[in-house]
Structure formats: structure tokens, C-alpha cells
Amino acid sequence: MVNYGRYIKEHLIQPMRDFYRTQRVQAQVKKQHTELGLEHFKRAFNDKLAHNQVRLLNHATDNDHYMALSYAIRDRLINRWLKSLETYHTQDVRRVCYFSAEFLIGRQLGQNLLHSDCWETAQQGLQELGLDLYEILAWEPDPGLGNGGLGRLAACYLESLATLDIPAIGYGIRYEFGIFEQLIKNGWQMERPDYWLQLGNPWEIPRPDYRVEIKLGGRTEFYIDEQGWQRVRWIADRTVQGTPYDTLVPGYDTHTVGTLRLWMAKASQAFNFQLFNDGDYTRAVADKTYSENITKVLYPNDKTPQGQELRLTQQYFFVSCSLQDMIRIHLNKNADLSNFHEKMTVQLNDTHPAIAIAELMRLLIDDHYMSWEKAWHISSHTFAYTNHTLLPEALERWPVRLFMHLLPRHLEIIYEINRRFLYEVQVRYPHEPGILGRLSLIEEWPEKQVRMAHLACVGSYAINGVAAIHSELLKSDLLRDFYHLWPEKFTNVTNGVTPRRWLLLSNPKLSNLLTDTLGPEWVTDLSKLRTLENYLDNAQFCAAWRGIKQENKQDLAECILRSHGVEVNPDSLFDIQIKRLHEYKRQLLKVLHIIALYHRIKANPQAPWQPITFLFGAKAAPGYHMAKLIIKLINSVAEVINGDAEVNAYLSVFFLPNFNVSTGEKIYPAADLSEQISLAGKEASGTGNMKFALNGALTIGTLDGANIEIREQVGAENMFTFGLTVEEVKQLQTSGYNPRDFYAADPTLRAVINHIASGFFSPDEPTLFQPIVDSLLCHDEYLLLADFQAYLRCYEQVLEAYRDQAHWTRMSILNTARVGFFSSDRSIQEYCQKIWQVQAVTVECPQECREIPGSAIAGF
């Protein structure tokens, strides 16, 4: 077991303490007469220290300080939360239920201090108690509840929902060990459990009184009910209990507090006393082991049949728990479920929760005795589906045999949905027999599988993409037949990010400058940033802007030095690529470019080269061998370049291990250049591109995902674009792409690939990277070689622009000024208007509701 306390002291506390102190965080919160008083705060803090942690101040540990402060702030939010829930119940409002396999919420203490107007009070009160707020902030672990952009988007949306006063609940899974903690050993990614819950989580509230039961396996049988109707009964092999844990999601500058409800799996019978007495100790706790495995880890490896079963079990577990919970909430106020779809709308965040459609049908038909027609009307008007991928292989398909084994009743329901749907299609398109196979919910060959994206399309009243080009490609390619059938279902809602987390909290120096210049309104209305254009010719403002970027780079350099013992030059150009490791995101193209630069400098080391620091951050799925090999190549190239005295004054490469939200909060403000170089037509949207631009980084990227809309907003002259377009990619692939043609025609590219193939970067194992070389020369699925020269030419434009720092600063300011469109507030407003038809509900919170009541809150 990891000694988490020692680990974070050695690897997090000192670097984070220095980071926060150099940032000189000043919360941009409005001074209100309701602000928590100093003496009141200190009493609340000591009360939590004594009654929750059972410690006196002079004997408390760092973790005790963190827990006590978090509980004190949580109590202040709980009263607002209860008032929000009471308001929604009393007014019987329509609610948004956001179903997502991930919620990458990040550290909560800093955000909640901002959203509760308590930052300065807490800072001063702790100082009077002899404590340092920044040391306490650095202690908090990142919640292991997500992996990448999907989970971060979900977290941004929940925060914006609360800020905009939209009644909402986020539903997901409480992962005990997250996805994994990434370690780098000898250049290789290693995984170990993420013990983020080891010392407790003060932000979650267990709700065992709302636990539900989940069935798995078994068989079905027909029976006749009391009214003489034929019904189906699911006789399960086993049951699992789902227990909810609530996390508060406060809005900014509002009394609304939303809810993130995460489910933990527990055994219905955790301990078999008879088996234990018989000496069969393993089987005595077998149910406990099986059940709790369901919520141990995010995205278990599904390369094996057992992994596939666990993945599908996870997905079914959380949607069934959530739908049962929604029905309970609805029936608390309504006599029956006939208007369920009018009071609840479910947004499916990608395909993972699509089984919810079949589960709601089961609950309505089997448990609440509705007719098929009535149940389908309710169900098909409840769900809306967001697609997040253009990769056909990423659209989940589950073997029919797995459904038969695990969810036999749901397979029957899916078959019936499919039968009725295909009849409708056949009537509409009698002379197009091929369309039935393309639209069917069941894939017949090579193995019978359930197409979960098709189920989501058939069972949802709305389908949206997450960037303009992505939505168009859904309509023209991936979901073309569904679009022709139901064009009215399709719309676009371009992704967004919350400025509270990704600018106000993570970049306080720039936030202070913005507030001093524009006033505080930009925090909830990013369109106000447009006014920055009036300051482009203000020398003092531009100098302040440049100075803040340089300070942020210095802060990041110090963090890297203290955390990893690696020196990076803060006066260099910070070129950063941080995102999930997948071949289509083309981290490998960046590596090829770095090697090409290495060759150029080695050939002429006396030239006045621009110093550049290349920073990577990415996790590869544990079963994704090629992605892991690319991480190894990045680290091997870094070892060579950083150790070469002729080159390392100009180039340095570093791979930041275990990239997460907290790491991102330090990286985005420090970036000069944002790498968004996926193959055109493969990235649905991206949100890292928005975070970089919001913090004044310039983008080098392809015309893919939201890059196109960023270019439209900030201006083509303030962004560096290169590479094949979607149409050119299709044309090249259709005409017969041969990567060896590009290899043969380009001496620079040939030298780079030959250098990798020679074993230069892996002298102890010369053929180590041969799979990468073979993939590039024989397949090159994502057209790296075709885009290589265009990328090199574009990068020369980057270096030329960076030499003129005044011009670069102007471009940086314009990026921040013009990305207001990419606020998650705007995205949520579009969802409310285009899809959900949900109205804001004001939560009135009297004075007594806002103060910390000390131990009196313990009764809730």
C-alpha cells in the first residue's frame, strides 16, 4: 500500500506550495455583506478539527488541516444545496440529468473557496491560526473520476449548470482507484492504483438511504399479471447494491448548488457466515469481491472476455442506479410516471450510458406495468445523445452472447426495439434493402453484436455533435442513414470550458490583470474579453501581459525542477502537447519534428537557434501497446537531446508523468504554443485547445474539431494551421495512399525515420522502435508522413513570429480576447434552448442559509 501522506509531502507539497505562493492568488470574488467573518471562520475550522478529525490544533496533521477546512467550507455550501433541492422539489421543476462515465472534477477546495466567497477570509483566518492556506491547497489529491476531455467537459458543464441556475444532477461512478496513476520507469509508462480515497474525501456525502438494487445474469420467464396481461419476469443470478455518494457543485456568484451523484457497488450479501464457518473463507466473501470490482477502476481493459463483461456491467450498473433514483425523485412529487419525460431529461455523454434506453424501458414495462407504446413514448422523449467520436471502432459494440449472459431481459427489449424500428425503415424505404443492415441495432457479421450508438440514435429525441465540423461529419459519414431518416434530431453544440477553473483559479495573475482592466463581469460573461482589443496598442498593458506569461513559465519551470529534478529554460518557447495518448492525436508527428530539429542543430550548432522546450503529458490505455511505445520513444528522444551538450542549450524535451487537472492548471497558463495536430476528421472537438487559447497561447493545428471554430473566432492570422483538410484526407485515402512515396521523396523525413530504425534512440535494444517504423512505412493510418513537410513549414512561421515578441504578444492578447465563444456557459445555454427546453430556477437563500452553522449541520 502506498504511503500517501509521505508521497504527497515529497512530490506535491513543496512544489505546489511554491507554485501557489508565486502565483499570489487573489480571489476575484465580490465583497458581499454575507461574507464569512474571521472569528466565525476560525470557530468553524476548530470545530471541524475537533469533531470531525478528533484533533486539537497543536496536534493536527496536514491532512487534518485539509479535512477540517474542507468540512467547514462544505458546511457553508450544504445549506445552499439543501435550499436548492427544496426549491426544485417545491416548484416541481424540469431537471437535467447528465449521464457520464467520467467526471474529471479536479481539486475541489480552491474552487469551492472561490464559489463560496471565502478565499480571503480563509487565508487570513488560517494565517492567524499559524497555518498556510497554500500548503493546505497543495495537500488535496486529484479525484480519480476521469481520464481526459470527456470527463473534464462533464465537470465544466456541471459547474456551468449551477452558475446558470439550471436544475441538474450529474450521474456517474465513484471509482475507488480512478483510471491509474502513471509512473515513468526507464522511459516506459507503468500503472499503479490511484489511491485518491486513501485518506478520505471530505467533499462526498454518503446517502445509504437512497441505495438501490441491481440485477445481473439469469434468465427471463413469462407470467400473467393480476389484470390478465402477459408480462416478463427477470430472474437474476445475482444482485448488487448501488450506494450513492453526493458531491456538491456550487455555481459562481449564485446561491445555486448542484449535485454530482456517484454510485458505489456493494454486495447484497457481503459475507456468507455459513461458508465461513465451513472453512471456505474465499467463497465466504466472493460476492463482496465480485460486486466491489464493478466500481474499482475506470475503463478496465476490455481485451479479454472478462474485461468486456466488467465494462458492460459498469455501464449498466450506473445507469440502472441513476434511473431508479430519478424515478424515486419523480414519484416523491408526482402520482405516476406518465409525465416523467416532461420533468426529467437525460443527456447521454457519449455512447457509454446508451444501455439506459433499454433499462428505462424495462423499468417502465416490467416494474411499473406500462404498455410498450406508452413506455416507448416516455423513453424516447427522455434521452438526448451527444456523440464524441468520429472513429467507427470507438463506437461501442457488445457481443450478443455477452448480453445473453449478463442482461438477458435487455437483449429481448433491444430486439423488440430493433424489430419495430426496422419495420418503420422498411415502410419508408421499400426499395433500399441494404439500409436495413446499415441501420439495424444488431451487427450480424463477423459476430452478432449490439451497436450501442445505433441504440442511442433510435432511442433519443436529439443527437448532437460537439463542433461544427464534427456535427457535419456525423450527418455526412458516421450517422448518415440516421440523419436521412430523422434530420430534425440532429444539431450541433460546440464544446466549452469554464473560465472559473481554467482562468480565474488556474491563472490568477492574468485574472487580476483582466479584472483591473475590464472589471469582474468577464468571469461570468467571456464576451467581455473582446474589450481587450482596445488595449493592443497600450504599451504598458502589453508589457504587463508579457510579464505575466513569463512569470507563469518561471513558476512551471520551478515546479518541474522540484517535482522531477529536471531543469527547463523559462526563457525558451514553451511548446506543449498534453492530451490522451492516441495515434490519431499524432504525438508521434511531434516527435518526428523534434528529431528533424535535432538533426538541423547538429549539422550547424553555431547558428542562432531559438531555444524551445517541448513538454508532453499523456496517459496511454494499459492495453494500448503502440501508445505505450510512443511514450517510450518520447522519453528516449528526450534522453538523447537533453544529454547532448551541442543541442540542449536550444532544445529540451520532457514528458510530464501522470497528467491530471492540477497539472493542467499549471501548464495552460505557461504555454506559448498549443499543439493541436490530430488528423483532420478524427478529433470530434477537443477542449484543451480552448484552455490554451483562453490563457493566451497560440495554436498550431490542423483544420480539425474545434480548431476550425477557434480559427474563425481569433482570426487565421493569429493561429498557425497546416495539413490536409477532411476532403483531402478522403481523396488521398481513396486514391490509394502509399506512405513510402513520401518517405522516398523527402530526405528530411527519410533521415528521421532511418534514425529511429537504426536503434540510435534505443542502443540497448536496437529493434525496439521497429513497430513504429513499420507502422509509418507500411500503414500510416493517420497520414503523418503526408502532413510532415506541411508541419515543418508551418513551424517555421511559428519561430518567425516568436522572434518578434511585440507581435507575438499582440496575437496572444487577441487569442484570449476572442475565445469567449468557447465558454461552457454558452454551451449550456445552447443545450437548454436547442435540446433540453429547461429554464433557470432562482434559489433564494436567506442570510441564515449562508453562514456556517458549526456542528449543528451534522444532523443532515
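This passage describes a sheet, the helices that pack on it, and two cysteines in a predicted model. Residues are numbered from 1 along each chain as its sequence is written, and side-chain values use heavy atoms, with hydrogens and water left out. Because the model is predicted, local features need pLDDT of at least 70 and side-chain atom pairs count only at pLDDT 80 or more, whereas totals for chains, interfaces and linings use all residues.

Helices (H or I, at least four residues) and strands (E, at least two) are DSSP runs, numbered from the N terminus; two strands pair if DSSP finds at least two bridges between them. An open sheet of 6 strands, with parallel pairing, follows the order β20-β19-β18-β21-β22-β23. Its edges are β20 (651-655) and β23 (720-721); each has a single partner strand, so one side of each is left without a neighbour in the sheet. Within the sheet, β18 (residues 573-578) pairs with β21 (residues 673-676) in the parallel sense over 2 bridges. Isoleucine 576 lies opposite serine 674 in β21.

Helix α34 (residues 805-817) packs on the sheet and touches β21, β22 (698-701) and β23, where contact means heavy atoms within 4.5 Å. The direction of α34 makes about 85° with that of β22; axes are lines fitted to C-alpha atoms, for helices over the stretch in contact, and angles run from 0 to 180 degrees between N-to-C directions. Helix α24 (residues 587-603) lies across β18, β19 (612-617), β20 and β21, at about 155° to β19.

The whole structure contains 0 disulfides (pairs of cysteine sulfur atoms within 2.5 Å). For cysteine 97, the nearest cysteine sulfur is that of cysteine 832, 13 Å away. Cysteine 97 counts as buried because its relative accessibility is 0%, and cysteine 832 counts as buried at 9% (buried, under 20% relative accessible area; exposed, over 50%; partly exposed, in between; 1.4 Å probe, protein chains only).
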